[in-house]
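Colleague: I'd love a close look at one single part of this model, starting from one residue and working outwards to what surrounds it. Where would you begin, and what does the neighbourhood look like from there?

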Number of protein chains: 2
Amino acid sequence: MKALKNKILEEGNVLSDNVLKVDSFLNHQIDPQLMREVGAEFASRFKDTGVTKILTLESSGIAPAVMAGLILDVPVVFARKRKSLTLSNDLYTASVHSYTKNETNDISVSIDYLNSDDIVLIIDDFLANGQALLGLLRIVEQSKAATAGAGIVIEKGFQPGGKLIRESGIRVESLAIISSLTNGKVEFLEEVLI
Amino acid sequence: MKALKNKILEEGNVLSDNVLKVDSFLNHQIDPQLMREVGAEFASRFKDTGVTKILTLESSGIAPAVMAGLILDVPVVFARKRKSLTLSNDLYTASVHSYTKNETNDISVSIDYLNSDDIVLIIDDFLANGQALLGLLRIVEQSKAATAGAGIVIEKGFQPGGKLIRESGIRVESLAIISSLTNGKVEFLEEVLI
């Protein structure tokens, strides 16, 4: 997605060979117009999958998810993050390790908002090692809902998450796939290779 | 705001005389169409104030804030919540106590995203004791930005936050003001009294 890639090139901050900071439009400050375009792109790519619900993870997934939900006209559920959760019959839960922050959180969704009639589109801001997405997929599995696939704003294609999850049969649509962050420079995977 | 009040009456869950749960459209599951209407209402009420930036608090403030930001065509910044924060010259910070959760969090905004040129509209999901809003106001103060006011989705008018903050001279626009939750019943303040 051209507008997104341009924004990443203009405003992204490469902190190391692994870490790209996009706090100016996605992870701390949010660009609502760009998020609408991102949401529209997700809606267009998944429009024929019969999506009944969007699932995302607080906090950075919410803006793109709500914009996609507005266009697809479906509710958005955000999974909550907690340091650790008391097990409850009212919740679907999964444990998610963040390599960036080196911490493990439990994520959860109330059983009231996902069930076996749902077709779920998962939306998240980043895909790197895939831990967050795997956690969200486990939650969908527990709810017995179907998965339409995953819409990712930025995928770090040089980390294993995307390959891992695509090989498990899940459709993953990433709007910008980064092939390298070496030497402080963002490079994207060519579209034709995706 | 009629559509919002109807939604609260239909789907709100009165847990006690003090606690209203609106997890089906605002705090866990999000209704994107309603959030667009909420955002449009905020945009309309503050359209002549020269807003340059919207400030909200993760996670439940993000959806209404992004919709207002889309219509006002300004960036949205969400303050981050942390259990406790190491002081940093790069952050504006404030300490916020939640009576509902009985916990205190530090909230913070990077100095990169608010400054003395900004006119800030604060948007949040709930106003009860006013602690979160006071924290956001302290952050705006630290940035030396001006405050256009606060847009609140649901105000619990029988709790002291709204009065406290209005009396300090801040304009507060709440789209639904609840006067009572006694006997499991939601009652709204009459519009004429606001």
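Modeller: Happily! Let's begin at S59(A), which sits in the loop of chain A between β4 (53-57) and α3; helices here are DSSP runs of H or I with at least four residues, strands are E runs of at least two, and both are numbered from the N terminus. Bear in mind that this is a predicted model, in which local features need pLDDT of at least 70 and side-chain atom pairs count only at pLDDT 80 or more, while totals for chains, interfaces and linings use all residues. Residues are numbered from 1 along each chain as its sequence is written, and chains are lettered from A and ligands numbered from 1 in the order in which they are written.

The backbone is the reason to stop at this loop. E58(A) and S59(A) are joined by a cis peptide bond with an omega of about -5°. In chain B, the bond from E58(B) to S59(B) is cis as well, with omega near -5°, and S59(B) lies in the loop between β4 (53-57) and α3 of chain B. Most residues other than glycine have a negative phi, and most peptide bonds are trans.

Beyond α3 of chain A comes another backbone feature. D73(A) lies in the loop between α3 and β5 of chain A, and phi of D73(A) is near 60°, a positive value in a residue other than glycine.

Following the chain onwards brings us to β5(A), which pairs with strand β7 (residues 103-110) of chain A in the antiparallel sense over 3 bridges; pairing asks for at least two DSSP bridges between the strands. Here K81(A) stands opposite I107(A) of β7(A). On β7(A) there is also strand β6 (residues 91-98) of chain A, paired in the antiparallel sense over 8 bridges, with T93(A) having S108(A) of β7(A) as its bridge partner. These two strands, β6(A) and β7(A), form a hairpin with 4 residues between them, and N102(A) takes a positive phi near 50° there.

Now back to α3 and across to the other chain. In all, 22 residues of chain A are in contact with 22 residues of chain B, contact meaning that C-beta atoms placed from the backbone lie within 7 Å. On chain A's side, β3 (29-30), α2, α3 (62-72) and β5 (76-82) each supply at least two residues. The largest share, 5 residues, comes from α3(A). By class, that side of chain A has 12 nonpolar, 6 polar and 4 charged residues; nonpolar covers Ala, Val, Leu, Ile, Met, Phe, Trp, Tyr, Cys and Pro, charged covers Asp, Glu, Lys and Arg, and polar the others, Gly among them.

What does the α3 helix of chain B meet on chain A? It is α2(A): the axes of α2(A) and helix α3 (residues 62-72) of chain B come within 8 Å and cross at roughly 105°, so α2(A) is roughly perpendicular to α3(B). Axes are lines fitted to C-alpha atoms, for helices over the stretch in contact, with angles from 0 to 180 degrees between N-to-C directions; under 35 is roughly parallel, over 145 roughly antiparallel, 65 to 115 roughly perpendicular and the rest oblique. P32(A), Q33(A), M35(A) and R36(A) of α2(A) meet V66(B), G69(B) and L70(B) of α3(B), a contact with 4 nonpolar, 2 polar and 1 charged residues.

The chains are also linked through strands. β3(A) is joined by 2 bridges to strand β5 (residues 76-82) of chain B, and the two run antiparallel. I30(A) has V76(B) of β5(B) as its bridge partner.

Within chain A, α2 has a helix neighbour too. Helix α1 (residues 2-11) of chain A packs with helix α2 (residues 32-45) of chain A at about 140°, their axes 9 Å apart, so α1(A) and α2(A) are oblique to each other. A3(A), L4(A) and K7(A) of α1(A) make this contact with L34(A), E37(A) and V38(A) of α2(A). The contact has 4 nonpolar, no polar and 2 charged residues.

Chain B offers the matching view: helix α1 (residues 2-11) and helix α2 (residues 32-45) of chain B pack at about 140° with axes 9 Å apart. There, A3(B), L4(B) and K7(B) of α1(B) are in contact with L34(B), E37(B) and V38(B) of α2(B).

How values were computed: Contact = placed C-beta atoms within 7 Å.
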